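Trainee: Before we begin, may I ask that each term be given its cut-offs when it is used for the first time?
Mentor: Certainly; please have the sequence and the model before you.

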Amino acid sequence: MKKVNSALIIILALGVFGIITTEMGIIGVLPQVTQKFHISASEAGGLVSIFALVVAVSGPFMTLLASSMNRKVILLASVLIFAISNIVYAYTTKFEVMLAFRILPAIFHPVFFSVALVTAAKLVPADKSSKAVTNVFAGITVGFAFGVPLTSYLAEQFSLEAAFLFGAVVSVIAFLGILIGLPSMPVTDKMSYGKQLRILRKPQLWLNIVTVIFIFAAMFAVYSYFAEYLGQVTHMDGSVISLMLMVFGLIMILGNYIFGGLLHTSMTKTVILFPLLYAVVYLITDYLGSYFIPMIVVVFIWGAVHSGGLIISQTWLTTEAKEAPEFGNSLFVSFSNLGITLGTLVGGWFISHLGIHQLLWSGIGFSMLAFLFIMIKIKAFKAG
């Protein structure tokens with residue numbers, strides 16, 4: 001049984017990997033999309049922003065609606081939608097159709113994510129649940145490490161169709177694994193909508209939500225312009241930048257487990273130190289940004305710290321949503337995407353008004369805001 005459950009957790013992580021590959025992989029193939037549909041870069045960029053916006057808006061509501069459904073059915077339906085959407089991306093000749101099929105999987109994104117995390121925790125003894133959640137979270141970091149660069153590589157070396165079919169195949173494998181391996185999981189203790197929504201009355205939850213928004217804004221204010229920064233400031237060429245993206249993603253896998261262990265040892269101390277650590281990384285990056293070799297070392301450190309923001313944010317938010325864990329996870333997915341949108345917009349403003357060299361200060365500012373709200377929460381509610 002232990003081996004079966006471990007395999008199921010890997011399958012759930014694979015499903016998350018497929019979701020991240022679908023959501024973020026589009027960034028690496030936007031040039032090919034503009035050529036295929038004869039549209040501008042800004043129009044193609046709508047494929048990215050519409051996905052994040054739909055996730056942010058629909059997440060909690062969709063999770064509430066699905067809260068009484070069999071968890072296996074929800075997981076199967078979600079990965080099937082992602083598989084179908086990728087097939088549509090590969091073969092459609094109309095941009096409007098592709099845009100519509102960015103909206104559809106975005107609706108299911110937070111539902112799958114929320115249910116997958118709760119399911120992973122239920123598949124193992126209570127004292128192993130945090131490790132199981134960390135393992136599912138690895139699907140995100142592996143998605144950044146391999147899914148995004150591989151999607152870009154397949155589009156460049158073979159075709160745009162091959163890139164999207166890769167995402168479809170990943171989701172189909174996850175679908176078959178869940179179909180065959182996961183037992184039926186009907187909701188026996190159905191929680192009313194009112195009881196789930198009741199957690200929104202907690203001021204400490206809202207402080208944690210604001211913290212998550214600022215942590216993700218701090219992360220993506222700079223990461224969204226990673227390639228542009230390395231190109232303009234460090235003067236790396238395209239091939240080296242692609243390698244740095246791969247290194248960044250690979251080291252995120254290690255960072256995921258490092259921060260998972262630190263959270264298990266002391267959640268509060270880890271949460272307090274994270275935004276300060278991220279600010280220090282940005283300060284080092286700002287100082288060494290124009291030096292080629294030192295920046296390679298910085299990318300390793302940056303990637304490890306970056307991955308911590310994912311699991312730290314999820315843990316911090318859901319500590320105040322234990323009464324409704326799936327709804328709490330959906331809040332994390334929604335508000336983290338809101339943070340990504342905010343950070344990307346502010347980072348872009350810094351570049352256009354202050355210059356690429358000042359980009360790091362947007363991330364530092366958001367890191368300090370996150371630290372401020374963490375301390376307010378701890379002082380006000382004596383978080384332990």
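Trainee: In which sense does helix 9 pass helix 14, left-handed or right-handed?
Mentor: Helices here are DSSP runs of H or I of at least four residues (strands being E runs of at least two), numbered from the N terminus. A crossing is left-handed if the near helix is turned anticlockwise from the far one by less than a right angle, and right-handed if it is turned clockwise. By that convention, the crossing of helix 9 with helix 14 is right-handed.

Trainee: What pLDDT is required before side-chain atom pairs count?
Mentor: Residues are numbered from 1 along each chain as its sequence is written, and side-chain values rest on heavy atoms, with hydrogens and water left out. The model is predicted: totals for chains, interfaces and linings use all residues, local features need pLDDT of at least 70, and side-chain atom pairs count only at pLDDT 80 or more.

Trainee: At what angle do helix 9 and helix 14 pack, and how is that arrangement classed?
Mentor: Axes are lines fitted to C-alpha atoms, for helices over the stretch in contact, and the angle between N-to-C directions runs from 0 to 180 degrees. Angles under 35 degrees count as roughly parallel, over 145 as roughly antiparallel, 65 to 115 as roughly perpendicular and the rest as oblique. The axes of helix 9 and helix 14 (residues 325–354) lie 7 Å apart, at an angle of about 45°. Helix 9 is therefore, relative to helix 14, oblique.

Trainee: How many charged residues does the contact of helix 9 with helix 14 have?
Mentor: Contact means heavy atoms within 4.5 Å, and the helix 9 residues that meet helix 14 include W206, F214 and A221. Across from them, G339, G343 and G347 are among the helix 14 residues in this contact. Ala, Val, Leu, Ile, Met, Phe, Trp, Tyr, Cys and Pro count as nonpolar, Asp, Glu, Lys and Arg as charged, and the others, Gly among them, as polar. By class, the contact of helix 9 with helix 14 has 16 nonpolar residues, five polar and, of charged residues, no member.

Trainee: How are helix 9 and helix 13 oriented to each other, and why?
Mentor: The axes of helix 9 (residues 203–223) and helix 13 (residues 292–318) come within 9 Å. They cross at roughly 160°, and the crossing is left-handed. The two helices are therefore, with respect to each other, roughly antiparallel.

Trainee: How many nonpolar residues are in the contact of helix 9 with helix 13?
Mentor: On the helix 9 side, the residues include N208, T211 and M219, and on the helix 13 side they include W302, H306 and W316. Sorted by class, this contact of helix 9 with helix 13 has five polar residues and no charged ones, while the nonpolar residues number 13.

Trainee: How is helix 13 placed with respect to helix 14, and how many polar residues does their contact have?
Mentor: The axes of helix 13 and helix 14 come within 9 Å and cross at roughly 135°, which makes the pair oblique. Their contact is made by L310, S313, Q314, L317 and T318 of helix 13 with G328, N329, L331 and F332 of helix 14. The residues of the contact of helix 13 with helix 14 comprise no charged and four nonpolar members, and the polar ones number five.

Trainee: Which side chains meet in a salt bridge, and how many residues apart in sequence are the parts that the pair ties together?
Mentor: A salt bridge is a side-chain nitrogen of Lys or Arg within 4 Å of a carboxyl oxygen of Asp or Glu, and the structure holds one. The pair is K36 and E161, at 3.8 Å from N to O. Because K36 lies in helix 2 (residues 30–37) and E161 in helix 7 (residues 160–181), the pair ties together parts whose separation in sequence is 125 residues.

Trainee: Is H38 buried or exposed?
Mentor: H38 is found in the loop between helix 2 and helix 3 (41–66), and its phi is near 55°, a positive value in a residue other than glycine. Most residues other than glycine have a negative phi. Buried means under 20% relative accessible area, exposed over 50% and partly exposed in between, with a 1.4 Å probe and protein chains only. At a relative accessible area of 72%, H38 is therefore exposed.

Trainee: What is the phi of H235?
Mentor: H235 is found in the loop between helix 10 (226–232) and helix 11 (238–265), and counts as exposed because its relative accessibility is 60%. Its phi is positive, in a residue other than glycine, with a value near 60°.
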